Amino acid sequence: MRPLFFHALRPARAVLGLVFLASAATADPSHGIAMYGAPALPPDFVALPYANPNAPKGGRLIEGNTGGFDSLNPFIRKGTVPWQLRFLAYESLMARSMDEPFTLYGLLAESVEVPPDRSWVEFTLRPQARFSDGSPVTIEDVIWSYETLGSGGHPRYLGFHQKVASITQTGPRSLKIAFNTPDRELALIAGMRPILKKAQWQDRDFAATTIHDIPIGSAPYVVSSYEQGRHVTLTRNPDYWGKDLPIQRGLNNLDEIRLEFFGDDSVMFEGFKSGLLTIYREGNADTWATQYDFPAIRDGRVVKSEIAHQRPTGMSGYVMNTRRAPFDDWRVRQAMLLAFNFPYINDTITGGLQARIGSYFANSELGLRPGPATGRVADLLAPFADSLIPGTLEGYALPEGDVSPRNRKDLRKAVKLLEQAGWIVQNGKLVNAAGQPFTFEVLLRQGDGTSQSVFDIYRPALERLGIDMTISAVDNAQFAAREAAFDFDMMPFRRDLSLSPGNEQWLYWGSAGVDQPGGRNLMGMASPAADAMIDAMLTASDHDDFIAAARALDRVLLAGRYVIPIWSFGPDRIAHAKELKYPDRVPIYGARNGWIPDVWWYEE
């Protein structure tokens, strides 16, 4: 079915491509751009609806990270970087609204133009845009940033660059990007690329920067001090060029943001309890309910806030590397899922207070619907019916498990599947036809106490099946290197997914990323159906088609049994110093995805 589908697809796409590239439709400059329809805010909006335009400036926020860092350049593959830097210290031409699924408003750019077919996009820079050193942001900087990141930056920037036909300067403050692929999202992705200063890197190898090389950005915060692996301090730039823009009004209120690094979560939590940190995100509902009764809570110095959201659950769990046997067989992966007794593990770890993640896009309209595929979803998947993993079309649900620790019913099912896959028990050990034992390694980051506890509970079930599991806890640098090289059998996995999934889905699940070092397709899935669903999402002509493609992709991912899902996180649980405040109006994305500390402020 695959060759038939792709031969049938190419002529239509070829015609579409001719229309797309030949389009000379006119366009008008706009203050913003949305994936579908028009931006919700008018050109004369005064502030984002979830920001407090009267928030006071000042104060300090101290947040914790686990692990360490050996680089301050978040735009290259080399090194481990504090993840917050990309969002605090650097800007793009456009900025997202966290209250709309995928809408951008002008930031460095004062306007954006696109034709109806979105075969190109044109941006006009604001004349007042400046880097943190006071130098102007120029079209030359913008073009250099696109080309440098696209050719030698982190792999996440490469896919977009491959879809760019040309980048040309069209005026003193404007440039036009033409695309070689029909894709509604490309104009928005172009608006989100970070812009750096070309003069800083002339005659230097951008991809080989060291801890001492801090890229110059244009954002409200600059790195003012750091100690490798221990802490980074960002200070609000009093001369920030965009402080009076409507898109920034009520944002970036804190004078200082400090990132402290700890060996593991338990040490970081103790640091918060002792007052070393002023804000802490809690992912465990049981811990939230039972372990937040320390002196600072009792006397009111620290308060607990639960912030609701409407974003997809994403996927948290333990990914199996299908590049390697035995996890290249879906029956083995299903057996591993059956052996993972979620109700018992969840009750032990979270007190049973957090529900299991049911699919990759759960908690949103993009998530799959139970039962057999119907309507447009079924139509999209039909060409791949002969190659789809069982359960994709018919409907797949995760094993229910048992509150009993032995979980006999599911283990019996696991034994049968393993036998079908060629594994039998001999002398208490599971072996294949060649007599090789079933062994696998779990790769953990040092200090990941939660995962260690999960696998301590999981181990007896695997031993009853005759499976030998080893756990390797390595330091941050080794973990990152092995992850980048796909040198693991099983490891912790987290993918945050938005209400506007797009080209990043190629990075997460696309078959082209299976052998790309440093790529994000950790499970190594090479699915023609998944590739086609991603393509359908990106070329959807309306919102209904987009939803159908997302739900179809969700089915392919879940039925693929690539990840052992664990619990969803529910509302954002934030414990913080009482002086740290946030607006009453909460955006649909809640308190994650860069929202903290954007709209928070300090008030005694």
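The following exercises concern the strands and one helix of a predicted model.

**Exercise 1.** Determine in which order the four strands of the open sheet are arranged, and which strands stand at its edges.

*Solution.* Step 1: The order across this open sheet is S5-S6-S8-S7, with antiparallel pairing. Step 2: Strand S5 (109–113) and strand S7 (164–171) each have a single partner strand, so one side of each lacks a neighbour in the sheet; these two are the edge strands. Step 3: From one strand to the next, the twist averages 20°.

**Exercise 2.** State how many bridges join strand S6 to strand S8, and which residue of S8 is the bridge partner of Thr 124.

*Solution.* Step 1: Strand S6 covers residues 120–125 and strand S8 covers residues 174–179. Step 2: The two strands run antiparallel and are joined by five bridges. Step 3: Thr 124 has Ser 174 in S8 as its bridge partner.

**Exercise 3.** Identify the strands across which helix H3 lies, and give its angle to S8.

*Solution.* Step 1: Helix H3 comprises residues 139–152. Step 2: The helix lies across S6, S7 and S8. Step 3: Its direction is at about 25° to S8.

**Exercise 4.** Describe the open sheet formed by three strands, and find the bridge partner of Ile 33 in S4.

*Solution.* Step 1: The strand order is S1-S4-S3, and the pairing is antiparallel. Step 2: Strand S1 (32–34) and strand S3 (94–96) are the edge strands, each pairing on one side only. Step 3: Neighbouring strands of this sheet are turned by 25° against each other on average, direction ignored. Step 4: Three bridges join S1 to strand S4 (residues 103–106). Step 5: The partner of Ile 33 in S4 is Leu 104.

How values were computed: Residues are numbered from 1 along each chain as its sequence is written. This is a predicted model: local features need pLDDT of at least 70, side-chain atom pairs count only at pLDDT 80 or more; totals for chains, interfaces and linings use all residues. Side-chain values use heavy atoms; hydrogens and water are left out. Two strands pair if DSSP finds at least two bridges between them. Axes are lines fitted to C-alpha atoms, for helices over the stretch in contact, and angles run from 0 to 180 degrees between N-to-C directions. Contact means heavy atoms within 4.5 Å.
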